[in-house]
Amino acid sequence: MVEVALTIAGSDSGGGAGIQADLRTFAFHCVHGTSVLTCTTAQNTLGVTRVDALPPAAVAAQVVAIVEDIGVQAAKTGMLLNRDIIATVVTQVEQWAIAPLVVDPVMVSRAGHQLLADDAIACLRDLLVPLAAVVTPNRYEAQLLCGMELKTLGDMQQAAKLIHAFGPRAVLVKGGGMPGALRGTDVWFDGDRFEVLQAPVVPTRNNHGTGCTLSAAIAANFARGYEPLTAVRAAKSYVTTALKHALDIGRGNGPVGHFFPLLPNAGAG
Ligand SMILES: Nc1ncnc2c1ncn2[C@@H]1O[C@H](COP(=O)(O)OP(=O)(O)OP(=O)(O)O)[C@@H](O)[C@H]1O
Ligand SMILES: Cc1ncc(COP(=O)(O)O)c(N)n1
């Protein structure tokens with residue numbers, strides 16, 4: 001059987017994050033990737049210069065085309081941009097019972113560009129997050145979702161608990177934006193147990209797309225039938241390897257290397 005995963009996300013013209021990172025991640029995991037585009041970004045390693053939304057009806061039609069014919073074993077959401085697109089995605093996920101769903105609550109790019117309208121945060125939190133098998137906020141997104149500042153491991157655990165109360169089955173608070181050794185540390189909470197997932201900090205500025213890659217790898221592992229925590233552990237290990245093989249391209253933050261670990265003479269970025 002061929003496993004199929006779906007990403008509902010934005011396009012990154014520079015190829016480092018968004019749909020492009022998700023599809024490469026699915027392919028690396030030998031899972032067929034389907035995609036629903038929510039918007040295009042004019043983007044490179046330095047930042048985002050323009051964002052154009054797709055009409056919500058175009059988003060809905062892409063979902064229908066995929067689920068009516070192909071079907072998916074797991075899905076993830078990334079950049080959803082605005083309230084109308086979020087509401088459309090929620091309707092489609094519910095109507096077609098798309099599950100398990102990984103929600104990456106993308107809000108701001110690594111370079112500081114806003115990727116979600118201010119008035120859409122509550123909509124994402126109240127309508128989409130409760131449908132998630134796993135929601136994967138980074139430091140900044142966790143702060144916006146639960147209203148507390150994150151400085152320590154204890155703060156990450158507290159935030160995971162607060163976000164769990166919004167209704168997802170599990171929360172993974174990611175540490176890429178945390179200080180010191182916490183940069184490679186993520187916190188898992190499923191309502192029952194906490195788990196601290198640790199990886200050595202990879203000393204590279206080429207970290208564009210880490211969050212997209214992690215959530216896509218979790219979805220791919222779900223499609224392959226992994227249990228949630230097993231899916232997350234394997235995905236974290238993949239991101240660490242991809243970071244070690246990040247690409248030194250452009251003048252800003254280059255992308256992680258999704259396939260480069262496989263190539264002979266793959267150099268670390
Ligand atoms: N320098 C690093 N060394 C090791 N692991 C890292 C590093 N930076 C990020 N990570 C890991 O990468 C994953 C993604 O976390 P991060 O906090 O960077 O997400 P994000 O900010 O959503 O990413 P994105 O850049 O796609 O928005 C997490 O597992 C995190 O621990
Ligand atoms: C289309 C799109 N989706 C997601 C991100 C977040 O990734 P990052 O924080 O690495 O910029 C992005 N920059 N662009």
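Is alanine 97 buried or exposed? Alanine 97 counts as exposed, because 7 C-beta neighbours lie inside 10 Å of it and the cut-off for exposed is 12 or fewer. This report describes a predicted model, and it begins with the loops, then turns to helices and ligands.

**Backbone features in loops**

Alanine 97 is located in the loop between α3 and β5. Its phi is near 50 degrees, which is a positive value in a residue other than glycine. Most residues other than glycine have a negative phi, and most peptide bonds are trans. The loop between α3 (83-95) and β5 (101-103) also holds proline 100. The peptide bond that joins alanine 99 and proline 100 is cis, with omega at about -10 degrees.

Cysteine 30 also has a positive phi, near 60 degrees, and is a residue other than glycine. Cysteine 30 sits in the loop between α1 (18-28) and β2 (32-43). With 11 C-beta neighbours inside 10 Å, cysteine 30 counts as exposed, because the cut-off for that class is 12 or fewer.

Phenylalanine 28 belongs to helix α1. Phenylalanine 28 has 18 other C-beta atoms within 10 Å and is therefore partly exposed. In sequence, phenylalanine 28 and phenylalanine 259 are 231 residues apart, yet their C-alpha atoms are 6.8 Å apart in space.

**Helix packing**

Two packed helices are described by the angle between their axes and the distance between the axes. Helix α2 (residues 56-69) packs with α3 at an angle of about 25 degrees, and their axes are 9 Å apart. That angle makes α2 roughly parallel to α3, because angles under 35 degrees count as roughly parallel. The crossing in which α2 passes α3 is right-handed.

Helices α1 and α7 form another pair, with axes that come within 8 Å and cross at roughly 40 degrees. That makes α1 oblique to α7. Here too the crossing is described by its hand: α1 passes α7 in a right-handed crossing.

**Surroundings of the ligands**

How many residues surround ligand 1? There are 24 of them, and the closest are Asn138, Lys174, Gly176, Gly184 and Gly211. The elements that give two or more residues to this shell are α7 (210-223) and α8 (228-244).

Ligand 2 is surrounded by 18 residues, the closest being Gly10, Ala17, Gly18, Ser109 and Arg110. Two or more residues of this shell come from each of β1 (4-12), β2 and α7. Strand β1 gives the largest share, 4 residues. Helix α7 thus appears in the list of contributing elements for ligand 1 and in the list for ligand 2.

The table divides the residues of each shell by kind.

| Shell | Nonpolar | Polar | Charged |
|---|---|---|---|
| Ligand 1 | 8 residues | 11 residues | 5 residues |
| Ligand 2 | 6 residues | 10 residues | 2 residues |

**The annotated domain**

Which residues does the domain feature cover in the UniProt record? The record, an unreviewed entry, places the feature "domain: Pyridoxamine kinase/Phosphomethylpyrimidine kinase" at residues 12-256. Over residues 12-256 the chain is 40% helix and 17% strand. The C-alpha atoms at the ends of this stretch are 14 Å apart.

Conventions
Residues numbered from 1 in each chain as written. Chains lettered and ligands numbered in written order. Predicted model: local features only at pLDDT ≥ 70, side-chain atom pairs only at ≥ 80, totals over all residues. Near = placed C-beta within 6 Å. Nonpolar A, V, L, I, M, F, W, Y, C, P; charged D, E, K, R; others polar. UniProt positions renumbered as here; feature names shortened; annotations may be inferred. Buried ≥ 20, exposed ≤ 12 C-beta atoms within 10 Å, placed from the backbone. Axes fitted to C-alpha atoms, helices over the stretch in contact; angles between N-to-C directions. Parallel < 35°, antiparallel > 145°, perpendicular 65-115°, else oblique. Left-handed = near helix turned anticlockwise from the far one by under 90°.
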